[in-house]
Amino acid sequence: MSIIPANVDLTAIEADLAGDHVAAPADITPRLTSVVSEAKDKGHDMYFVVLSESQPKFTYFRDIATALQEETGGTVVVFGPGTVGSASDDFSRVQLEQAQDNLSTSNPPVAAQQLLDRMTDQPQVPWTVVTILLVLVVALGAVAARLLGRRRTGAAAPSAPTETASVASVPGNTGGSGSAPDDGEQDRSNR
């Protein structure tokens with residue numbers, strides 16, 4: 001559930017973003033628009049918002065970014081005093097969180113450049129392929145375990161009847177209650 005603080009005018013911010021993808025103080029806007037241009041050259045649609053007021057919770061900045069991103073698409077990054085929030089339909093939440101670690105949030109243009117560099121330099125993990133491969137490995141392991149289990153059961157079962165048959169076929173054994181012939185008797189009967 002998103003919480004947009006009362007002191008944040010989303011409509012005004014959206015209008016400001018419409019032109020150059022930046023809603024920030026005039027003195028840093030040109031440097032942020034150059035990061036927007038670089039992102040566009042790399043195939044990414046990015047929007048940067050700089051808010052001067054802090055919020056009671058740092059998660060509000062992500063909520064603001066999410067609300068704006070639903071209207072603009074692309075990637076929205078909202079900078080606040082000492083924090084940053086982001087939302088994207090281009091980058092995963094994991095990529096955004098990793099890129100946001102140890103940012104220079106006191107200098108939004110530098111932080112914006114760091115974010116772009118980190119997100120575009122990260123190797124893209126094909127999670128669908130990884131998931132399919134893991135499922136295949138588990139399935140093959142289950143089949144292999146089943147086959148090995150059957151082999152062990154099959155190898156153990158025939159050995160018991162073979163021993164019984166060899167005792168019953170000893171020459172001179174009449175199957176009665178007498179004792180089995182000793183080695184000497186067995187040798188004489190084989191001659």
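Tutor: Start with the classes: Ala, Val, Leu, Ile, Met, Phe, Trp, Tyr, Cys and Pro count as nonpolar, Asp, Glu, Lys and Arg as charged, and the others, Gly among them, as polar. The model is predicted.

Student: How many residues of each class are in the lining of the largest pocket?

Tutor: Sorted that way, the lining has 8 nonpolar, 3 polar and 2 charged residues. The lining is made of 13 residues, and the pocket has a volume of about 180 Å³.

Student: Which lining residues lie nearest the centre of the largest pocket?

Tutor: Asn7, Val50, Leu51, Ser52 and Glu53 lie nearest the centre. Try the classes on them: Val and Leu count as nonpolar, Glu as charged, and Asn and Ser fall among the others, so they count as polar.

Student: How do you know where empty space is left?

Tutor: A probe the size of a water molecule is rolled over the atoms, and this shows the empty space.

Student: What is the secondary structure of the protein chain?

Tutor: There are 7 helices and 4 strands. Along the sequence they come in the pattern α-β-α-β-α-β-β-α-α-α-α. Of the 191 residues, 32% count as buried.

Student: Why is Leu96 called buried?

Tutor: Buried means under 20% relative accessible area. Leu96 has 2%, so Leu96 counts as buried. This residue is found in helix H4, and its C-alpha atom is 9.0 Å from that of Arg118, 22 residues apart along the chain.

Student: What makes Asp121 buried or exposed?

Tutor: Exposed means over 50%. Asp121 has a relative accessible area of 60%, so the word is exposed. Asp121 lies in helix H5. Between Asp121 and Ala99 there are 10.0 Å in space, C-alpha to C-alpha, and 22 residues in sequence.

Student: What is said of phi in His21?

Tutor: Phi of His21 is near 70°, a positive value, and the residue is not a glycine. His21 sits in the loop between helix H1 (10-20) and strand E1 (22-23).

Student: Is His21 buried or exposed?

Tutor: Its relative accessibility is 13%, which is under 20%, so His21 counts as buried.

Student: What about Asn102, where is that residue?

Tutor: Asn102 is in the loop between helix H4 (93-100) and helix H5 (108-121). Its phi is near 55°, again a positive value in a residue other than glycine. At 72% relative accessibility Asn102 is over 50% and therefore counts as exposed.

Student: Why is the contact of Glu38 with Lys42 called a salt bridge?

Tutor: The rule asks for a side-chain nitrogen of Lys or Arg within 4 Å of a carboxyl oxygen of Asp or Glu. Here the closest N and O atoms are 3.5 Å apart, so the pair meets the rule.

Student: Why does Glu38 count as partly exposed?

Tutor: Partly exposed is the range between the cut-offs of 20% and 50%. Glu38 has 27% and Lys42 has 38%, so both names fit that range.

Student: How many salt bridges does the rule give?

Tutor: The count comes to 4. Among them is the one between Lys40 and Asp45, at 3.7 Å from N to O. Asp45, at 27% relative accessibility, is partly exposed.

Student: What makes Arg93 and Glu97 a salt bridge?

Tutor: Their side chains meet at 2.9 Å, N to O, which is within 4 Å, so the rule is met. Arg93 has a relative accessible area of 32% and is partly exposed, and Glu97 is partly exposed at 33%. Both residues lie in helix H4, 4 residues apart, about one turn of the helix. Salt bridges with shared partners join Arg62, Arg93 and Glu97 into one network.

Student: Which residues make the nonpolar surface patch?

Tutor: Val129, Ile132, Leu133 and Leu136 make the patch, about 370 Å² in area. Val129 is in helix H6 (residues 127-168).

Student: How do you know that Val129 may be part of a patch?

Tutor: Patch residues need over 30% relative accessible area. Val129 has 46%, so that condition is met. The value lies between 20% and 50%, so Val129 counts as partly exposed.

Notes:
Residues numbered from 1 in each chain as written. Predicted model: local features only at pLDDT ≥ 70, side-chain atom pairs only at ≥ 80, totals over all residues. Heavy atoms only, no water. 1 Å grid on protein atoms, 1.4 Å probe; cavity = no way out; pocket = protein on both sides within 12 Å on 5 of 7 lines; lining within 4 Å. Points joined across faces, edges and corners; volume = space filled by probe spheres on them. Helix = DSSP H or I, 4+ residues; strand = E, 2+ residues; numbered from the N terminus. Buried < 20%, exposed > 50% of the residue type's maximum accessible area, 1.4 Å probe, protein only. Patch = residues over 30% accessible without salt bridge, like charges linked within 9 Å, V, L, I, M, F, W, Y side chains within 5 Å. Areas by Shrake-Rupley, 256 points an atom, 1.4 Å probe, with all protein chains shown as cover.
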